[in-house]
Amino acid sequence: MQALWFWLVSVMLAIYVVLDGFDFGAGVLHLFVARTDTERREVMGAIGPFWGANEVWLLAAGGSMVLAFPRVLASGFSGFYMAMFLVLWTLILRGISMEFRSHVADPMWRGFFDAVFGFASLLLPILLGAALGNVLRGVPLDEHGTFDLPLFTDFTAHSPVGILDWFTVLAGVFALVVITAHGALFLAWKTQGIVHERCVRWVPRLWLAATILWILATWATDVVNPALFSALAERPLAWTFGAVSIGGVATVWSGVRRARYGLAFVGSCAFLAGFLATTAACVFPVMLRSIDVPARSLTAVNAASSDMSLSAGVGWWLCGFPIAVAYFVFLFRHHRGKVAAAHDGEGY
Amino acid sequence: MHDAIDVHRLQFAFTLVFHYIFPQLTMGLALVIVLLKAFALRTNDARYDDAARFWIRIFGINFAVGVVTGIPMEFQFGTNWARFTSYAGGVIGQTLAMEGMFAFFLESSFLVLLVFGERRLSRKGHFAAAIALWAGSWLSGYFITATNAFMQHPQGFVVDAQGRLQLADFWAFVLNPWALVQYAHTMIGAVVTGAFVVAALGAYWTLRGVHADTARINLKLGTVIGCIASVLVAFPTGDMQGKLVARHQPIALAAMEGRFESGTHAPITFIGQPNVAERKLDNPIEVPSILSFVAYGSFSSDVKGLNEFPEDQWPTNVELLYYAFHIMAGLGTIFIVIMLGAVFLLWRGALARSRWMLWILMLAFPFPFIANTVGWVTAELGRQPWIVYGMMHTTDGSSANVHGGSATFTLIGFAGLYFLLGVLYLFLVGREVAHGPSSAPVAH
């Protein structure tokens, strides 16, 4: 039951990254690939119908963490207190700029919110990537399973660590590049005309950088957390997911070469999901690694709620998950095809 | 402030009070929009569509602010209330996660169709989108009320070997009687807000002599819904809520009424200032025996006063609790009077000509927001000093590893950010009100 919830939460987080990832990426790029208001509205129209529902996966995953692994969520959120609020405020600014920009047909108003949207979209993948970096590197958990991290110390990834060091910054940069590359494919798939052409020009550069950083980040992870990959031989699941992410990258490149951006975007989704699933399979059952005293790590076993709580959750989760998937199938079908910039008052 | 707990509490209270301005209007307007779209479908009268279109635009702005101010509420369970989350997560995590799975996905998937989809969808399709938003927002309300109800009156749980709360009976937890009553009371409170806002705008436009068709629809719908909801929020739902408090939180009841001495034939107090230091109510204006009757169904029932209980079990802020409750109850009574009067004039066909009543309706719309807010203040202060009633003290629920300096920093950050949000919201809604309703979208 505990392992099941570990995977349910991992699946929800992976879906979150894949889905909200493309609208983050589009947000980073839109200042560059869309210059006029009509072009920007085309980008906004491409992600507008999705971004809210995409973000719900974060809330649903967070709620599920409270249910299944309350100590992990409590320790992580309170330990990264300042960083969490940076994430929160950036999410707020991003949501507001998305929703408010097209309400007023004034170039200064729209320019301001476009800049806020671009900046927030840029900052969030860095923050979330650095958060994943912290989880992989480990945090100084005390005997109560809590911690309190400074923002930075000496950037060495050795105790005493801070939220930012060379490894977590690298993880943040990797997240930013890969998410932007992911968003570029989504836009290349959904847009047409000049916006499409500009995205197409960005795609190979971004994916080259993403591929290099991916290899670099994998090597760096082995440096800061050698135990992670040493157990790899006995974990066929990790191999399988690793193969999925490699297949994903291959699909991206083949799709890009043949100018089939829908296919390439599917490859990109597979890469992200495979990458996150591989990570989950490698760390299992550890959810929050203790950097100094390994026994203090919070795991899917020692931090889980009781079987009764967990099985009740599985009951409604099995009803809710297909419904959520059905909404997304409906959303993507209803908004299929290339987007066009909306008229004032009729879209983003 | 030297104690981090005070900052944690202040930050949660501030972000929650600000947040709840928006969902109460969302939930109220969702019902209004469904009704308008239903009338439009039934009568084929485009004026209902015009009225609905205006409220959908307001709904869109309001919903956006509601969403972005709601996310911090979820985060703060982990950031500021880590010990509470560790302790009760196995139980309250159920409803928090269900809110995402069953309510937020529904709302966020259909919001864009409701706000921007009128031209693209069939009329029935657009009506269905309105239903989806109504169902989603009201479901969301249930899950969050059920979470709060567990904190007020824990049901369906066991304490595990580590001393944490775990689920024992899913349905006892989800269908907690406290949740059912509190939900009915809260939702109808939200409808009161929506109805007063709709009526106020109808009154404003009528007084100015503009947008006559939409103004008439707004006035009619706002006052009729407002009248029904204002009555229902007091009786039976408010009354039932009061009886639950009397039965399960008698200390809270005593503090809400500023009652220090126990006794039969307990009076109900309209006005008076609780003097906690001297343990008495100054300058009381009261009606004898009514509290006994309201709380326990008989004029001679014994109602306990605060003196009956040790002081460390008292709610931590008796004065604010007393005023919050009295403002809520007082405003609720005034709402009934206003709306009964307005509906009487409507029935006589005189409402649009009764400028004094239109002025009252126009100026009244902020007060349901206040009443809903102080209603929640009553619930939350009445629960103190507990975070889970009878199980965990609020002082034991905060994050021990977050000091007051960090919490003060984020509190100040929220103050600044929410000021900006509030200004933007008022600006955008003000523009919509000045612009008024627009007729059918042009086909391209």
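Colleague: Before we start, what is a salt bridge here?

Modeller: A salt bridge is a side-chain nitrogen of Lys or Arg within 4 Å of a carboxyl oxygen of Asp or Glu. Glu380(B) and Arg383(B) meet that rule, with 2.7 Å from N to O. Please keep in mind that this is a predicted model.

Colleague: Where do Glu380(B) and Arg383(B) lie?

Modeller: Both belong to helix α12 of chain B, which spans residues 366–383. They are three residues apart, about one turn of the helix.

Colleague: Buried or exposed, Glu380(B) and Arg383(B)?

Modeller: Glu380(B) is buried, and Arg383(B) is buried as well.

Colleague: How many salt bridges are there over all chains?

Modeller: The search of the whole structure returns 20. One of them joins Arg198(A) to Glu39(A), whose closest N and O atoms are 2.9 Å apart. That pair links distant parts of the chain, 159 residues apart: Arg198(A) sits in helix α7 and Glu39(A) in helix α2 of chain A. Both Arg198(A) and Glu39(A) are buried.

Colleague: And in chain B, which residue pairs with Arg123(B)?

Modeller: Asp49(B) does, with 3.2 Å between the closest N and O atoms. Arg123(B) is in helix α4 and Asp49(B) in helix α2 of chain B, 74 residues apart.

Colleague: Why does Asp49(B) count as buried while Arg123(B) counts as partly exposed?

Modeller: Asp49(B) has a relative accessible area of 10%, and buried means under 20%. Arg123(B) is at 36%, so it falls in the range between 20% and 50% that counts as partly exposed.

Colleague: Changing topic: how many salt bridges cross the interface of chain B and chain A?

Modeller: The rule finds zero across that interface. There are, however, ten residue pairs in polar contact between chain B and chain A, with both residues at pLDDT 80 or more.

Colleague: Which elements of chain B supply the side that touches chain A?

Modeller: Helices α2, α3 and α13 and strand β2 of chain B each supply at least two residues of that side. The largest share, 22 residues, comes from α3(B). By residue class, the side of chain B that touches chain A divides into 36 nonpolar, 21 polar and seven charged.

Colleague: How much area do chain B and chain A bury between them?

Modeller: About 5700 Å², of which 76% is on carbon and sulfur atoms. Phe75(B), Met101(B) and Phe105(B) supply 13% of the area that chain B buries against chain A, more than any other three residues. The contact takes 64 residues from chain B and 67 residues from chain A.

Colleague: What does the side chain of Ser109(B) reach?

Modeller: The side chain of Ser109(B) reaches the backbone oxygen of Phe105(B) at 2.7 Å. Ser109(B) lies in helix α3 of chain B and is buried, with a relative accessible area of 1%. Apart from neighbours within four places in sequence, Ser109(B) is in contact with Ala53(A), Tyr327(A) and Leu331(A).

Colleague: Any aromatics to discuss? What kind of pair do Trp89(A) and Phe409(B) form?

Modeller: The search of the whole structure finds 63 aromatic pairs over all chains. Trp89(A) and Phe409(B) form a tilted one, 6.4 Å centre to centre with 40° between the planes. The pair crosses between chains, from helix α4 of chain A to helix α13 of chain B.

Colleague: Which of the two counts as buried, and which as partly exposed?

Modeller: Trp89(A) counts as buried at 14% relative accessibility, whereas Phe409(B), at 49%, counts as partly exposed. Ring pairs also link these residues into a cluster whose members include Phe85(A), Phe414(B) and Tyr418(B).

Technical notes
Residues are numbered from 1 along each chain as its sequence is written. Chains are lettered from A and ligands numbered from 1 in the order in which they are written. This is a predicted model: local features need pLDDT of at least 70, side-chain atom pairs count only at pLDDT 80 or more; totals for chains, interfaces and linings use all residues. Side-chain values use heavy atoms; hydrogens and water are left out. Contact means heavy atoms within 4.5 Å. Buried area is the accessible area (1.4 Å probe) that two parts lose on being put together, summed over both. A polar contact is a pair of N or O atoms within 3.5 Å; within protein, one must be able to donate a hydrogen and the other to accept it, and residues adjacent in sequence count only if both atoms are side-chain atoms. Helices (H or I, at least four residues) and strands (E, at least two) are DSSP runs, numbered from the N terminus. Ala, Val, Leu, Ile, Met, Phe, Trp, Tyr, Cys and Pro count as nonpolar, Asp, Glu, Lys and Arg as charged, and the others, Gly among them, as polar. Rings of Phe, Tyr and Trp (its six-membered ring) pair if their centres lie within 6.5 Å; planes under 30 degrees apart count as stacked, over 60 as edge-to-face and the rest as tilted. Buried means under 20% relative accessible area, exposed over 50%, partly exposed in between (1.4 Å probe, protein chains only).
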